[in-house]
Amino acid sequence: MIRRPPRSTPKPSSAASDVYKRQRKYRNLSDMSPREFTDLYDKNLELLKMDKDLVKRSVNDGFSGGEKKRSEVLQMCMLQPKLAILDETDSGLDIDALHLVANAINSVSKSGTATVLVTHYKRILTYVKPQYVHILYNGQIVESGSEKLADDLEKKGYDALVKKN
C-alpha cells in the first residue's frame, strides 16, 4: 500500500471546487481531478502569498480588507474568466499586497482575460500597465487615452479635465 504524505494545505472548500467545476462544465471543458484542482489552488495561493489556513474559513469570514481583495483576485485566478471587472481592487492594500495583486492581475490578463480595472488612484497602474485609460465623471466617459492620461489626471485633478470638456 502506498500512502501519500500529509497534505501541506487544507482541502479547499467543496463550495469553491463546485463553483469551479460548474464553470468548467459551462465552458465545455473537461473535468479536473481533485488533485489537479488542489495543485492549481495551491499555485494561486502561492502567487498571492495567501496564508493556507485562510481556506479553512468561510469566504471573507474575518478577513481584513487586504485579505478580502486578495481572496477576490484568487477567485479570478481560479476561474480564469473571459472578462474580469475589478472595482477598486487596490483599495485597502499595503504596498506588498498591492504588488502581489498586481502580479496576479497581470498573470490572468496575459492568459487571455480581458480586464477592466476601476480605480481612483494611479498607484496600481505602476504595476498593471493599462492598454487604455478612460476617465469617468458623473457616469460619463469624459476622456480616453493612454497611460499618460492617468499621469495627467494625477497632476491636474478631475476639475481640469471636466472644465476642458
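## Exercises: charged pairs and ring pairs

The side chains of Glu46 and Lys49 come together in a salt bridge, with N to O at 2.6 Å. Keep in mind that you're working with a predicted model.

**Exercise 1.** Work out why the contact between Glu46 and Lys49 counts as a salt bridge.

*Solution.* Start with the cut-off: a side-chain nitrogen of Lys or Arg has to lie within 4 Å of a carboxyl oxygen of Asp or Glu. Next, look at the pair: Glu46 and Lys49 have an N to O distance of 2.6 Å. That is within 4 Å, so the pair counts. As for its surroundings, Glu46 is partly exposed, at 43% relative accessible area. By this rule, the count comes to five salt bridges.

**Exercise 2.** Find out how Asp39 and Arg35 sit relative to each other in their helix.

*Solution.* First, the contact: Asp39 and Arg35 form a salt bridge at 3.7 Å, N to O. Then the positions: both belong to helix H2 (residues 34-47), four residues apart, which means about one helical turn lies between them. Last, the exposure: Asp39 is partly exposed at 39%, and Arg35 is partly exposed at 38%.

**Exercise 3.** Do the job again for Asp152 and Lys148.

*Solution.* The closest N and O atoms of this salt bridge are 3.2 Å apart. Asp152 and Lys148 are four residues apart in helix H5 (residues 147-156), so about one helical turn separates them. Lys148 is exposed, with a relative accessible area of 52%.

**Exercise 4.** Sort the two aromatic pairs into stacked or tilted.

*Solution.* A search of the whole structure turns up two aromatic pairs. Take Phe37 and Tyr41: their ring centres are 5.8 Å apart and their planes meet at 25 degrees, so this pair is stacked. The two residues are four apart in helix H2, about one helical turn. Phe37 is buried at 8% relative accessible area, and Tyr41 is buried at 9%.

Now try Tyr137 and Tyr158: the centres are 6.4 Å apart, the planes are at 35 degrees, and the pair is tilted. This pair links distant parts of the chain, with Tyr137 in strand S3 (residues 133-137) and Tyr158 in helix H6 (residues 158-164), 21 residues apart. Tyr137 is partly exposed at 30%, and Tyr158 is partly exposed at 33%.

**Exercise 5.** Step back and describe the whole chain.

*Solution.* Count the elements: six helices and four strands. Read them from the N terminus on: α-α-α-β-α-β-β-β-α-α. Then check burial: 33% of the 165 residues count as buried.

Notes
Residues are numbered from 1 along each chain as its sequence is written. This is a predicted model: local features need pLDDT of at least 70, side-chain atom pairs count only at pLDDT 80 or more; totals for chains, interfaces and linings use all residues. Side-chain values use heavy atoms; hydrogens and water are left out. Buried means under 20% relative accessible area, exposed over 50%, partly exposed in between (1.4 Å probe, protein chains only). Rings of Phe, Tyr and Trp (its six-membered ring) pair if their centres lie within 6.5 Å; planes under 30 degrees apart count as stacked, over 60 as edge-to-face and the rest as tilted.
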